[in-house]
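Q: Please take a close look at one part of this chain and work outward from it. Keep it brisk, and give the geometry along with the contacts.

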Amino acid sequence: MPGGKKVVGGGSSGAAPTAAAVPSGARRLETSEGASAQRDDEPEEEGEEDLRDGGIPFFINRGGLPVDEATWERMWKHVAKIHPDGEKVAQRIRGAMDLPKSPEIPQEKPIGQRSEPQAQVLPAQIPIPSVPTFQPSTPVPERLEAVQRYIRELQYNHTGTQFFEIKKRRPLTGLMDLAKEMTKEALPIKCLEAVILGIYLTNSMPTLERFPISFKTYFSGNYFRHIVLGVNFGGRYGALGMSRREDLMYKPPAFRTLSELVLDYEAAYSRCWHVLKKVKLGQCVSHDPHSVEQIEWKHSVLDVERLGREDFRKELERHARDMRLKIGKGTGPPSPTKDRKKDVSSPQRGQSSPHRRNSRSERRPSGEKKPSEPKAMPDLNGYQIRV
């Protein structure tokens, strides 16, 4: 991860489980709200963790869209397992012939029916949310409300199968392509998908800073994980996101400090009897949709219990200062993009080095100034690309 990771108050990071330990067709990802079977002190690695939804592992659709037959059958078996009505609800839905269809989606034959599919396109009965568009004069807070309203209209995914596979180590450009597919398909999403979608829909707001905030909580013998997209506009903090609970998703940019925002989430968790254990804070995400940089998901990892209340608040504000300093410097090289072709080791046009006086050791005995040697190019470690 660019910039490394700072662990405060304890915590550990370890290797991901081997591929042999992953069930066929399943994907172990730290992506969404859900209880994890592992102990609190076991290694954690983002993107490689067995997630559980209500104590039962949920699956990831790795085959893309449209959903293949194996994933489709596995999803229905999982629905029958986790729904109170069991297989009855699956049979009732799959056997129904009069279900409404989405616009421009041809009617498909029910699973198991051998007759030829009809080419008829049924009337639009399921509304498809419209991607928000903005006038240049639209204030950023109003844009954020529209983005959150769109995310909410997609609805939370209760099926137990996440439709879009989010690989956290993918370059930003790949994740933005996936977000574009989300808007096209308009399927229900979970919290990590909402974060990627929030980044995509706010790329056109250069005055808005975005960074991921992850939560780990404990309730009734299980650990739950959730993630939102923190935002900063005009020195005020807020968040975009998706959750089953209203107070664990959207927060308008009205909080004076980052600690106030995080503590508001902690209060929301306490209202549903969850105890906040860890908070992971990432760095600001580039607004360049073609950047091949990776999102830094865990720049700071804060252990709430080991830090104590006052130190926890101080570390949150320290992370906020780190983000402001990184933004304020603005001296680093531009984010590399997939379309960049020129040699990064060559100086850019119009680039000049700062004026520097010649020291006495650089003067010749005759008093003439010694010609300055060409200055070495700085280490452009920002161009180290990890895909």
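A: Start at Val 67. This residue is partly exposed, because its relative accessible area of 26% is neither under 20% nor over 50%. The model is a predicted one, so every value here is computed from predicted coordinates. Val 67 sits in the loop that runs between β5 and α1. Set aside the neighbours within four places in sequence, and Val 67 is in contact with Asn 61 and Trp 72. Phe 163 is 96 residues away from Val 67 in sequence, but the two C-alpha atoms are 8.3 Å apart in space.

Next, the peptide bond just before it. Leu 65 and Pro 66 are joined by a cis peptide bond, with omega at about 0°. Pro 66 belongs to the loop between β5 (59–60) and α1. That is the loop that holds Val 67.

Now follow the chain into α1. Helix α1 covers residues 69–82, and α2 covers residues 87–94. Their axes lie 7 Å apart, at an angle of about 135°. At that angle α1 counts as oblique to α2, because the value is over 115 degrees but not over 145. The crossing of α1 past α2 is right-handed. On the α1 side, the contact residues are Trp 72, Glu 73, Trp 76, Val 79 and Ala 80. They meet Glu 87, Val 89, Ala 90, Ile 93 and Arg 94 of α2. By class, this contact has seven nonpolar residues, three charged ones and no polar ones. Trp 72 ties the two parts together: Val 67 touches Trp 72, and Trp 72 takes part in the contact with α2.

What about the rest of the helix packing? Take α5, residues 191–201. Helix α4 (residues 172–185) packs against α5 with the axes 9 Å apart and an angle of about 100°. This makes α4 roughly perpendicular to α5. From α4, the contact draws on Leu 172, Leu 175, Met 176, Ala 179, Lys 180, Met 182 and Thr 183. From α5, it draws on Glu 193, Ile 196, Leu 197, Ile 199 and Tyr 200. The tally is nine nonpolar, one polar and two charged residues.

Helix α3 packs against α5 as well. Their axes come within 10 Å and cross at roughly 145°. This crossing is right-handed. Val 147, Tyr 150, Ile 151 and Leu 154 of α3 make the contact with Ala 194, Leu 197, Gly 198 and Leu 201 of α5. Seven of these residues are nonpolar, one is polar and none is charged. Leu 197 appears in the contact with α4 and in the contact with α3.

Helix α5 leads to an annotated site. An unreviewed UniProt entry marks Cys 191, His 226 and Ser 243 as "active site". These residues are spread over 53 residues of sequence, yet they cluster in space, with a largest C-alpha distance of 8.2 Å. Cys 191 lies in α5. It is buried, since its relative accessible area is 0%. Ser 243 lies in the loop between β9 (236–240) and β10 (251–255). Ser 243 counts as buried too, because its relative accessibility is 5%.

Backbone angles deserve a check. Gln 155 is not a glycine, but its phi is positive, near 75°. It lies in the loop between α3 (140–154) and β6 (161–162). With 52% relative accessible area, Gln 155 is exposed. Trp 273 is another non-glycine residue with a positive phi, about 65°. Its loop runs between α6 (258–271) and β11 (275–281). Trp 273 is exposed, at 66% relative accessible area.

Last, the whole chain. It has eight helices and 12 strands. Of its 387 residues, 43% are buried. Among contacts with a separation of 6 or more, 63% link residues 24 or more positions apart. Back at the starting point, Val 67 and Phe 163 are 96 residues apart in sequence, with 8.3 Å between their C-alpha atoms.

Definitions and conventions: Residues numbered from 1 in each chain as written. Predicted model: local features only at pLDDT ≥ 70, side-chain atom pairs only at ≥ 80, totals over all residues. Heavy atoms only, no water. Axes fitted to C-alpha atoms, helices over the stretch in contact; angles between N-to-C directions. Helix = DSSP H or I, 4+ residues; strand = E, 2+ residues; numbered from the N terminus. Parallel < 35°, antiparallel > 145°, perpendicular 65-115°, else oblique. Left-handed = near helix turned anticlockwise from the far one by under 90°. Contact = heavy atoms within 4.5 Å. Nonpolar A, V, L, I, M, F, W, Y, C, P; charged D, E, K, R; others polar. UniProt positions renumbered as here; feature names shortened; annotations may be inferred. Buried < 20%, exposed > 50% of the residue type's maximum accessible area, 1.4 Å probe, protein only.
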